[in-house]
Amino acid sequence: MAERVNQETFQKEVLEADGLVLADFYSDSCVPCKRLAPVLAELEETYGDALKVVKVNINFDLPLAEKYEVTAAPTLIFFKNGAEQDRRRGLVKKAELTEIVENLK
C-alpha cells in the first residue's frame, strides 16, 4: 500500500531510495486523484519490490509541491535512485504507467 510521505520523510523514502519510486502528488478533494489511487495500488502490487509508490498531499506539503513545480493534481513523478526520470499530470491510464515502469526499472 502506498505510503504517505511529508517533507521530512521525502528525502529518505524517495531521494535516498534505491530503485524506482513513483511519487503521487495528490489532493483529497481531487476526483481524478481518487480514480487513480486503485490503479497505483495495482501497479505497486504487480511490481512488488521493483516499484515503490509514495503519496504526497499537496495541501499539507505545499513546500514540497512547490519545490517540484507541481501545479496540478494528480502529478506523478518517477524517481530512480533519487533522480527524476519522468513526470505525468492528470488521470493517466494504467497502460501508460506500466510502459513507463517497464522502461525505467
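The bend at a residue is taken as the angle between two helix axes, one fitted to the seven residues ending there and the other to the seven starting there. In the predicted model described here, a kink of about 30° by this criterion lies at Ala37 in helix α2, shortly before the proline Pro38. Helix α2 comprises the 17 residues 31–47, for which a rise of 1.5 Å a residue gives an expected span of 24 Å; the end C-alpha atoms are 25 Å apart, which agrees with that expectation. The helix is followed by Gly48, whose phi is positive, near 55°.

The buried residues of α2 are Cys33, Leu36, Val39, Leu40, Leu43, Glu44 and Tyr47, and the elements that cover them include the strands β2 (20–26), β3 (51–57) and β4 together with helix α4 (94–104). In α4, the buried residues are Leu97, Ile100, Val101 and Leu104. Because these residues cover an arc of only 95° around the axis, they are placed on the same side of α4. An α-helix has 3.6 residues a turn, so residues three or four places apart point the same way. On the other side of α4, Ala95, Glu99 and Asn103 are exposed. The packing partners of the buried α4 residues are β2, α2, β3, β4 and β5 (83–89).

A pair of aromatic rings is described by the distance of the centres and the angle of the planes. A search of the whole structure for such pairs finds 5. In one of them, the ring centres of Phe10 and Phe79 are 5.8 Å apart and the planes stand at 80°, so that the pair is edge-to-face, the angle being over the 60 degrees required for that class. This pair links distant parts of the chain, since Phe10 belongs to helix α1 (residues 7–15) and Phe79 to strand β4 (residues 75–80), with their positions 69 residues apart in the numbering. Phe10 and Phe79 are both buried, and for Phe79 the relative accessibility is 1%, which places that residue under the 20% limit for burial.

Phe79 also forms an edge-to-face aromatic pair with Tyr68, at 5.6 Å centre to centre and with 90° between the planes. This second pair likewise links distant parts of the chain, 11 residues apart, with Tyr68 in the loop between α3 (62–67) and β4 and Phe79 in strand β4. Tyr68 is buried, its relative accessible area being 11%. Together with Phe25, the residues Phe10, Tyr68 and Phe79 form one aromatic cluster. A further contact with an aromatic ring involves a charge: Lys55 lies over the face of Tyr26, at 4.4 Å from the ring centre.

Several backbone features remain to be described. Most residues other than glycine have a negative phi, and most peptide bonds are trans. In the loop between α3 and β4, which holds Pro74, a cis peptide bond joins Ala73 and Pro74, with omega about -5°. Glu69 is found in the loop between α3 and β4 as well, and this residue has a positive phi of about 55° although it is not a glycine. With a relative accessibility of 59%, Glu69 counts as exposed. A positive phi in a residue other than glycine also occurs at Asn81, where the value is near 50°; Asn81 is found in the loop between β4 and β5.

Key:
Residues numbered from 1 in each chain as written. Predicted model: local features only at pLDDT ≥ 70, side-chain atom pairs only at ≥ 80, totals over all residues. Heavy atoms only, no water. Phe/Tyr/Trp six-rings, centres within 6.5 Å; stacked < 30°, edge-to-face > 60°. Helix = DSSP H or I, 4+ residues; strand = E, 2+ residues; numbered from the N terminus. Buried < 20%, exposed > 50% of the residue type's maximum accessible area, 1.4 Å probe, protein only. Lys NZ or Arg CZ within 6 Å of the ring centre and 35° of its normal. Expected span 1.5 Å × (residues − 1). Contact = heavy atoms within 4.5 Å. Arc of directions from axis to C-beta.
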